[in-house]
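Colleague: Please choose one part of this model and take me through it closely, beginning with how the chain as a whole is put together and then working inwards. I am still learning the vocabulary, so please explain each term as you come to it.

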Amino acid sequence: MEVAEFEKFLFLEVPMSFAGGELLSVGWRASGIGRILATQANKVFSVASSGGGETLPMTIQKIIPQGAKVADIINDIKGLTWSTGNENAVVRLANGEKAIVSGDPGGISFETGQIKTLFGHTHPTSVPPSAADFKALKILNQIKQYVFHGGETTLIRP
């Protein structure tokens with residue numbers, strides 16, 4: 001059983017069978033409402049510092065020009081994090097442009113389809129990569145991303 005199917009079964013179908021009996025559960029499955037709700041729940045994902053705080057939707061801070069040096073981009077996101085206390089990330093937007101985006105101290109949330117690639121992001125503290133950071137890789141079907149936290153750089157893989 002796939003993880004998504006298991007989650008649907010565990011969090012949607014089982015509770016409904018207890019709440020309204022098996023007849024309601026059968027109707028729930030037949031109507032497809034569970035699939036619609038599960039799809040809606042998967043439309044938003046995030047990267048987050050495991051240190052807590054609010055996670056806000058991404059805000060584009062800067063479009064990265066062609067030919068920009070990687071070291072300069074990394075310094076930009078680290079500097080933004082240091083000056084604002086918010087997480088920042090380097091992404092490829094749905095339209096193909098590369099950009100620096102920000103969220104809040106707790107993280108950055110993305111809608112499915114909003115970005116194609118998450119190259120890396122910052123944590124405003126020294127906390128290590130979070131479970132949400134790994135989940136974002138899976139959702140974007142990526143093999144890696146970088147997390148910059150407390151002067152350290154961590155390469156994460158699914």
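Modeller: Among the contacts in this protein with a separation of 6 or more, 61% are between residues 24 or more positions apart, where contact means heavy atoms within 4.5 Å. The model is a predicted one, in which local features need pLDDT of at least 70 and side-chain atom pairs count only at pLDDT 80 or more, whereas totals for chains, interfaces and linings use all residues. Residues are numbered from 1 along each chain as its sequence is written, and side-chain values use heavy atoms, with hydrogens and water left out.

The protein has 4 helices and 9 strands, and from the N terminus on they follow the order α-α-β-β-β-α-β-β-β-β-α-β-β. Both kinds of element are DSSP runs numbered from the N terminus, helices being H or I over at least four residues and strands being E over at least two. Of the 158 residues, 34% count as buried; buried means under 20% relative accessible area, exposed over 50% and partly exposed in between, with a 1.4 Å probe and protein chains only.

The part I would look at closely is helix α4, which covers residues 131-140. Its residues D133, A136, L137 and L140 are buried, and they lie on the same side of α4 because they cover an arc of only 100° around the axis, the arc being that of the directions from the helix axis to the C-beta atoms. This fits a general rule: an α-helix has 3.6 residues a turn, so residues three or four places apart point the same way. On the other side of α4, A131, K135 and K138 are exposed. The cover over the buried residues of α4 includes β1 (44-48), β7 (115-123), β8 (145-149) and β9 (152-156). Just after the helix, N141 takes a positive phi of about 55°.

Two of those covering strands, β8 and β9, form a hairpin with 2 residues between them, and G150 in the turn has a positive phi of about 55°. They run antiparallel and are joined by 5 bridges, where two strands pair if DSSP finds at least two bridges between them. Within this pair, V147 stands opposite T154 in β9.

Another of the covering strands, β1, belongs to an open sheet of 3 strands in the order β1-β6-β2, with mixed pairing. In this sheet β1 and β2 (55-57) stand at the edges, each with a single partner strand, so one side of each is left without a neighbour in the sheet. β1 runs antiparallel to β6, with 5 bridges joining them, and the bridge partner of A48 in β6 is G107.

Helix α4 also takes part in the interior. The largest nonpolar core has 14 residues, and M58, V91, V101, F110, I115 and L118 are those with the most contacts inside it. A nonpolar core is a set of buried Ala, Val, Leu, Ile, Met, Phe, Trp, Tyr and Cys residues joined through side-chain atoms within 4.5 Å. At least two residues of this core come from each of β1, β4 (88-93), β5 (98-102), β6 (107-111), β7 and α4, with β4 giving the most, 3 residues. Apart from this core lies another, of 6 residues, including I64 and F148.
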